[in-house]
Amino acid sequence: MQTTFTPAQLADPHVAESERILRKCVHCGFCTATCPTYVTLGNELDSPRGRIYLIKDMLENGRPADKEIVTHIDRCLSCLSCMTTCPSGVNYMHLVDHARAHIEQTYRRPFADRLIRAMLAFVLPYPRRFRAALRLAGLGRPFASLFAGVPALKPLASMLRLAPASIPAASPVSKPGRHAPRGEKRGRVALLTGCAQSVLAPGINEATVRLLTRLGIEVVVAEGEACCGALVHHMGKEEAALAAARTNVDAWTRAIEAGGLDAIIITASGCGTTIKDYGFMLRLDPAYADKAARVSGLARDVTEYLAALDLPEPAVKPDLTVAYHSACSMQHGQKITRQPKELLVRAGFSVKEPRESHLCCGSAGTYNILQPEISERLRDRKVKNIAATGAALVATGNIGCITQIASAAKLPVVHTVALLDWAYGGPKPPGVPEAQARAAAL
Ligand code: SF4
Ligand code: SF4
């Protein structure tokens, strides 16, 4: 694609990067066919190609964002399906990240939208605040239908509906510390305990620590680690995202210097995509560029790490059919497609892949709160495709997808690592007894 940026504009490294990306696009439109919002809404401006044109026009003309571009960029899930499809290697992720930051800097959103976004950024990345907010949500749930009837308050209604009825107790695993390996030590990793996940489903980190230490891996939870920054990054809150990235780079750099790390293990693929991008996000910061690139180079999804280990024979025979849902951040963001399925098969599960597995479930960070209508349409489509597999449960590797799919599916939704932990000698995860009863009744 030809561009007409001036030399003065290109002096801004963010604009220069976006120009490099724009030049790669050959307008072929292949990406439209696999874009969930285009498939759902049928509007070219809600396709990757349409958004690329809108972003190009905004940046080239040095214009502040307007209502039209904000509407179409807000509808983008950042699922990155377009990047998997694109034959020209267009890095849509970096382009839309730049556009979102530009929107945040130049566009004044309506009051209710600003308030909800500020509240999400204030609450979600902080486990204590999130836990307190979930308790309040319990009190507010009876008003969800009322809020749903007021357009500006629909996100609040979605938030209340998505909040779980009960909140698990905080896990000691989420605290900084060291978990010793069993038997001969085979490696040393840091575990990102995460923000929302550690509150909603602390059992995921517990299963990870049990499984890894049983395999001879020392697991450290680094002092000072925090939310990865993905939630605010996707809202265009660039300074907050970079601050989160620096905090984690510092925490893991100390862990590297204190004893070396073979990997930084991530159990929520949404976080993994962002941490693997820290090197790019902090490339212009001389104090952090090298350290951030090192952290990104060590980041591994837990299944990616496990697949490279020499695993023993499973301790139990699960004898269950699982529908594997690949999160967008897993398959498109990190290009991890084989390993989770192969690990499940090796552990004794029968694995089925739902139709349209490339399409997003509609979770996408805060998307299911901020864009509830499109999100629900995508969720229902996903749940229907999962049900058609005839599986007894759903396995996936991202807390956002777990919450989203579980809000409508009749099947239990379990994190892949919890199933692997069970197969290799850990406790049976919640949801499995129900799946076993379902399988027995067939
Ligand atoms: S990231 Fe997903 S929703 Fe956004 S343009 Fe690409 S395919 Fe469409
Ligand atoms: S597939 Fe790639 S090159 Fe083709 S229009 Fe989409 S982004 Fe541009």
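Visitor: How many of the residues in E6 are buried?
Guide: Four of the five, so E6 is mostly covered. Buried here means under 20% relative accessible area, with exposed over 50% and partly exposed in between, using a 1.4 Å probe on protein chains only. Strands such as E6 are DSSP runs of E with at least two residues, helices are runs of H or I with at least four, and both are numbered from the N terminus.

Visitor: Okay, and what kind of model is this?
Guide: This is a predicted model: local features need pLDDT of at least 70, side-chain atom pairs count only at pLDDT 80 or more, and totals for chains, interfaces and linings use all residues. Residues are numbered from 1 along each chain as its sequence is written, chains are lettered from A and ligands numbered from 1 in the order in which they are written, and side-chain values use heavy atoms, leaving out hydrogens and water.

Visitor: Back to E6. Which strands does E6 pair with?
Guide: E6 (residues 321-325) pairs in the parallel sense with E8 over four bridges, and three bridges join E6 to strand E7 (residues 350-352), also parallel. Two strands count as paired if DSSP finds at least two bridges between them.

Visitor: Which residue in E8 is the bridge partner of valine 322?
Guide: Leucine 393. On the E7 side, alanine 323 has lysine 352 as its bridge partner.

Visitor: And what about E8, covered on which faces?
Guide: Both faces: Leu393 and Ala395 on one side, Val394 and Thr396 on the other, are all buried. In a regular strand the side chains alternate between the two faces of the sheet. E8 also pairs in parallel with strand E9 (residues 413-415) over three bridges, where histidine 415 partners threonine 396.

Visitor: Switching topic: how many disulfides?
Guide: The count comes to zero, a disulfide being a pair of cysteine sulfur atoms within 2.5 Å.

Visitor: Why is there no bond for cysteine 360?
Guide: Because the closest cysteine sulfur, in cysteine 328, is 3.9 Å from the sulfur of cysteine 360, too far for a bond. Cysteine 360 is buried, too, with a relative accessible area of 5%.

Visitor: What comes nearest to ligand 2?
Guide: Cys25, Cys28, Gly29, Cys31 and Cys86, out of 13 residues around ligand 2; a residue is near if one of its heavy atoms lies within 4 Å. Cysteine 86 is buried, at 18% relative accessible area.

Visitor: And which are closest to ligand 1?
Guide: Cys35, Arg51, Cys76, Cys79 and Cys82, with 13 residues surrounding ligand 1. Helices H3 (36-41), H4 (48-60) and H6 (81-85) each give two or more residues to that shell.
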